[in-house]
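Colleague: I would like a close look at a single part of this predicted model, the open sheet and the elements around it. Please take me through that part in one connected account.

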Amino acid sequence: MKKLTSVGIKPMPTTNQKRKGDTSASFIKTLKLLLLSTLIITGCQKQEVNQQQNLTSEKGKASVSGTPGFYTIATYNLRRIPGDGSEGVPQREWSFRRPLVKDMILKYDFDIFGVQEPMGVQIDNLVTDLPGYERKGWSDHNDHAYQHQDIFVKKSKFTIKNSGKFWMYPGGPTSHTHTSASDWKPWDSEYHACVCTWVKLQDKTTGREFFVFNAHYDPTGTQAKEQSAILTLNKIKEIAKGLPSILMGDLNSNQYQNSAAPYHYLNNSLLLDETWNLTTNRTPTSRQTGNWWNINPPGDSQIDHIFVSKEAHNDWQVISRKVLWDHYDGVNGYNDVLPSDHFPVVAEMQMIKPTTPVANGTYRIMAKHSGKAVIVSGASTANDAQVVQWDYTSANPKNDEWVLTKIDTSGYYRITNVNSNLDLNVKGQSTSNLGPMVQWPYASDLIYNDEWSIISLGSGYYRIVSRHSGLSLNVPASSLSNGTQLIQYTYEGTANSQFQLIAVP
């Protein structure tokens, strides 16, 4: 027998599938086909042993991955090799699971996927089995042999612009940390510090750029997991610098743990949202991702996650969120075979381009709550001069008028002062609330603290959002005083972070 087809794959039943006791003709016909397939598979068992690498089912027909700007993203803990054979269950050995892992990836047509735990030899197998993907990643020990946290991306769809790594270790070093007994277990870790791999990608069709981070947190250390989440947030801010981002991985923390757990640190941050919360199209309704080699595990604990950068960045629309409970029958004579002791988590999503609601031109920028104009203090033409609110005047110098210029097709704007020809800028590249506004020469770099998205609120008012931080332009404490320096702050719907744009003839 040449290969196992998708007849041997049994995804978790959904509510609209036929249940036991349904005697419709189509259902009986399906049962007969399944029985016949099982008999054929059993009869071809000896041939199957040598043909496992040909096991490939059809691609998932619901995938969005063929549409420009739409992506199928997955995170998958593959289970490292040691120990599986010694458990006395042969179908848990990598030689059994390898073709099933390949099949899952191709069946659901992942555009990008992160893996956790595979040893170097498993990574080599994936590279061989999946020639359409490019890989970036490192092992926890910074060699090739030990367990990896790697990222795979479709060669046809993405260009890898940059890549790197850091360890879940105080300070998040980018070099190997396992140099002594004391640093093998940072904080209260059960075992060594795990590496986080990242890549900067460019979509070959749309030209948009974004970052993907793939992490694995310690399984038991409460402090280690908490500190890993804090470190991860800081590193994403440092590395991505405001570009759209995705964080995936096995975080060993579910949605029910306390506020000090990684899930809550990440999901309640100013930076990230878990994709489960961003769509109503969820399959199955249970979030269970660890299966303990059980095809129908009890519980609703999600420890494998996909986070995306928040709404304030206008980055992502999540279309669907799935946990793939597929298992396989007839593999070398075994039924109920699982590719791993984790189920893969999949999010289908679209990268949203910020809208450009106003035309290029010269504008007054007026704070809604105070009616005052955004100006450069003292009509200064110097770098680092404060941007403040003040009463508008039409007299020269024009330090209270600004030129809005769309930046190519990115959906972002430059905001340039007419008097000084310098740009609105978040001082010191701050990503924190209260970061002050100054003017500075525009830099066409990857920091983006001088680029802005403008979001219409209706009735002629707008939010002005830093591309770098995702925070909104704001008059602190709703001040009504002339000379109050503007800041960036989390948008809360208040009038002191809403602005009217009035075109200047």
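The account below starts with the chain as a whole and then turns to the sheet and its surroundings.

Modeller: Because this is a predicted model, what I describe is computed from predicted coordinates. The protein chain holds six helices and 27 strands, and buried residues account for 54% of its 505 residues. If one takes the contacts in the protein chain between residues at least 6 apart in sequence, 71% of them join residues at least 24 apart.

The part you ask about is an open sheet of seven strands, ordered S4-S5-S3-S2-S15-S13-S11, and its pairing is mixed. S4 and S11 stand at the edges with a single partner strand each, so one side of each is left without a neighbour in the sheet. At the S11 end, strand S11 (residues 282–283) runs parallel to strand S13 (residues 316–323), and two bridges join them. S13 in turn pairs with strand S15 (residues 345–351) in the antiparallel sense, over seven bridges. Lys322 of S13 can be followed across both of these pairings, since Thr283 stands opposite Lys322, while Lys322 also stands opposite Val346 in S15.

Thr283 deserves a second mention, because the peptide bond from Thr283 to Pro284 is cis, with omega near -15°. Pro284 itself is placed in the loop between S11 and strand S12 (304–309). The loop between S11 and S12 also contains Trp292, a residue that has a positive phi of about 50° although it is not a glycine. With a relative accessibility of 57%, Trp292 counts as exposed. As background to these backbone values, most residues other than glycine have a negative phi, and most peptide bonds are trans.

Further along the order of the sheet comes strand S2 (residues 70–77), where Tyr76 has its place. Tyr76 is buried, with a relative accessible area of 1%. Leaving aside residues up to four places away in sequence, Tyr76 touches Val101, Met104, Gly114, Val115, Gln116, Pro339, Ser340, His342, Phe343 and Pro344. There is also a long-range relation in this region: Tyr76 and Gly249 are 173 residues apart in sequence, yet their C-alpha atoms are 7.5 Å apart in space.

Val101 and Met104, which are among the residues that Tyr76 touches, are also among the buried residues of helix H3, and this leads from the sheet to the helix. Helix H3 (residues 94–107) has 14 residues and reaches 19 Å from its first C-alpha to its last, close to the 20 Å expected at 1.5 Å a residue. Of these 14 residues, 12 are buried, so H3 is largely enclosed by the rest of the structure. The buried residues are Trp94, Phe96, Arg97, Arg98, Pro99, Leu100, Val101, Lys102, Asp103, Met104, Ile105 and Lys107, a list in which Arg97, Arg98, Lys102, Asp103 and Lys107 appear beside residues such as Leu100 and Ile105. Leu100, which is found in H3, is buried with a relative accessible area of 0%. The C-alpha atoms of Leu100 and Leu338 are separated by 7.8 Å, although the two residues lie 238 residues apart along the chain. Just after H3, Asp109 takes a positive phi of about 55°.

Helix H4 (residues 120–129) completes this part of the picture, and its buried residues are Gly120, Gln122, Ile123, Asn125, Leu126 and Asp129. What covers these buried residues includes H3 as well as strand S3 (112–116), strand S4 (133–136) and strand S5 (149–154). S3, S4 and S5 all appear in the order of the open sheet, and S4 is one of its two edge strands.

To gather the account together, the seven-strand sheet has mixed pairing, with S11 parallel to S13 and S13 antiparallel to S15. H3 is largely enclosed, because 12 of its 14 residues are buried, and H3 is included in what covers the buried residues of H4. Tyr76 in S2 touches Val101 and Met104, both of which are listed as buried residues of H3.

Technical notes: Residues are numbered from 1 along each chain as its sequence is written. This is a predicted model: local features need pLDDT of at least 70, side-chain atom pairs count only at pLDDT 80 or more; totals for chains, interfaces and linings use all residues. Side-chain values use heavy atoms; hydrogens and water are left out. Two strands pair if DSSP finds at least two bridges between them. Helices (H or I, at least four residues) and strands (E, at least two) are DSSP runs, numbered from the N terminus. The expected span of a helix is 1.5 Å times one less than its number of residues. Buried means under 20% relative accessible area, exposed over 50%, partly exposed in between (1.4 Å probe, protein chains only). Contact means heavy atoms within 4.5 Å.
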